[in-house]
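This report is meant for someone opening the structure for the first time. Please keep the sequence and the 3D view at hand while reading, and look up each residue as it is named.

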Amino acid sequence: MKLKNDLLLRAARGEKTERTPVWMMRQAGRILPEYRAVREKAGSFITLATTPEMAAEVTLQPVDLLGVDAAIIFSDILVIPEGMGLPYEMVEQRGPVFPKTVHTIEDVNRLHITEPEIHLKYVLDAIKLVKQGLDNRVPLIGFAGAPFTIFCYMTEGKGSKTFSVAKKHLYADPEFSHLLLQKITDSTIAYLKAQIRAGADLVQIFDSWAGILSPEQYRIFSLPYIKQICDAITEVPVTVFAKGAFFAREEISQLSCSVVGLDWNMDIAESRKLIPDKTLQGNLDPCVLYASYDQIRLEVKKMLNQFGTQRYIANLGHGVYPDTDPDKVRCFIESVKEYSC
């Protein structure tokens, strides 16, 4: 069935669009009171993410309530280690915590390659429910964390400003590091392909902690594994979003992905020169949405003038912050639609 609104897919493929498509990272989340109601009913984040009916409900909310041009499945990048045999907990005010971590080759050997239809069936079931609920109105985005970002959590055991434990492994035990990264990569490819079979129209790779690596370390321990994923996913467009990896934009432009996401620290004109043959996505500072309505409109207009209206998907430079006023979010979305026509 043909999508009623395929702007995002056409932009991703580099085709002409009547206006710029717009969606936001973390659009299904705490900015919406309707989300908070479902979250309260679920009792915990993990229950919400692993209950297909609830995950589907909150995935659809931004489409119905905000008017975005795509849904993104409500899930978490850390389902991959869960599916590999390393479960995590979500602790209020602290974030994800892994009771056990991975530090030796023996630890890696105890993990398995994720079989998505068995270990992560709840995500695939949620995708199928979302596709029914969307009724071909807009595309559905699937996603996964980049292998290095997942490696950080599996070795550190929690969030960190420096991920010094993870980085120590890269220098002290590269054999272990490559073995774990490859196992994560194989699991991620299987997972993304399963998402596509379930109905995802486009997939995004989030390298959330790319910016903590030196350029050399990024070229050794992150880019080759993202490349494997991009080369393997040929069914739908792929977006690579590597936060903080301003130094790797030229290398990222050589990947077989369709879209490159920019964070708000990446200069737009410079990025167009470094990434000339791909669609760009981004990159408004999420804090702009704390400003007045007039200032939001002005900043959106400036952003669109710099990106241009073709080969471009409007987004924030990272996820929307949870205390953002939903009306300010609507202002951002409506401004993109108005100014990009």
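Which residue in β8 does Val-260 stand opposite? The structure shown here is a predicted model, and in it the residue of β8 that stands opposite Val-260 is Leu-280.

**The strands around β8**

Strand β7 (residues 259-261) pairs with β8 in the parallel sense over 3 bridges, and between these two strands the chain passes through α15, making a β-α-β crossover that is right-handed. β8 also pairs with β9, again in the parallel sense, over 5 bridges. Leu-280 has a bridge partner in β9 as well, namely Tyr-312, while on the β7 side it faces Val-260. β8 is mostly covered, since 6 of its 6 residues are buried. Together with α16, the strands β8 and β9 make a right-handed β-α-β unit.

**Helix α16**

The helix of that unit can be checked for its length. Helix α16 (residues 293-307) has 15 residues, and because each should add 1.5 Å, the expected span is 21 Å, which agrees with the 21 Å between its end C-alpha atoms. Its buried residues are Ile-296, Glu-299, Val-300, Met-303, Leu-304 and Phe-307. These residues cover an arc of only 135° around the axis, so they lie on the same side of α16. An α-helix has 3.6 residues a turn, so residues three or four places apart point the same way.

What covers this buried side? The elements covering the buried residues of α16 include α15 (268-274), β8 (279-284), β9 (312-316) and α17 (326-339). The face of α16 that is turned away from the buried side carries the exposed residues Asp-294 and Asn-305. Just after the helix comes Gly-308, which takes a positive phi of about 80°.

**Salt bridges**

Side chains of opposite charge can pair when their charged atoms come close. Across the whole structure, a search finds 18 salt bridges, and three of them are set out below.

| Salt bridge | N to O distance |
|---|---|
| Glu-18 and Arg-10 | 2.8 Å |
| Arg-197 and Glu-117 | 2.6 Å |
| Lys-121 and Asp-125 | 2.8 Å |

In the pair of Glu-18 and Arg-10, Glu-18 is exposed, with a relative accessible area of 55%, whereas Arg-10 has 15% relative accessibility and counts as buried, because the cut-off for buried is under 20%. Both residues belong to a network of salt bridges that also links Lys-2 and Asp-6.

The salt bridge between Arg-197 and Glu-117, with its closest N and O atoms 2.6 Å apart, links distant parts of the chain, for Arg-197 lies in helix α11 (residues 174-198) and Glu-117 in helix α7 (residues 116-119), 80 residues apart. Arg-197 is exposed, at a relative accessible area of 56%, and Glu-117, at 40% relative accessibility, counts as partly exposed.

How many residues apart are Lys-121 and Asp-125 in helix α8? They are 4 residues apart in this helix (residues 121-134), so about one helical turn separates them. Lys-121 is partly exposed, with a relative accessible area of 44%, and Asp-125 is partly exposed too, with a relative accessible area of 23%.

Key:
Residues numbered from 1 in each chain as written. Predicted model: local features only at pLDDT ≥ 70, side-chain atom pairs only at ≥ 80, totals over all residues. Heavy atoms only, no water. Expected span 1.5 Å × (residues − 1). Buried < 20%, exposed > 50% of the residue type's maximum accessible area, 1.4 Å probe, protein only. Arc of directions from axis to C-beta. Contact = heavy atoms within 4.5 Å. Salt bridge = Lys/Arg side-chain N within 4 Å of Asp/Glu carboxyl O. Pairing = 2+ DSSP bridges. Right-handed = clockwise from strand over helix to strand, strands pointing away.
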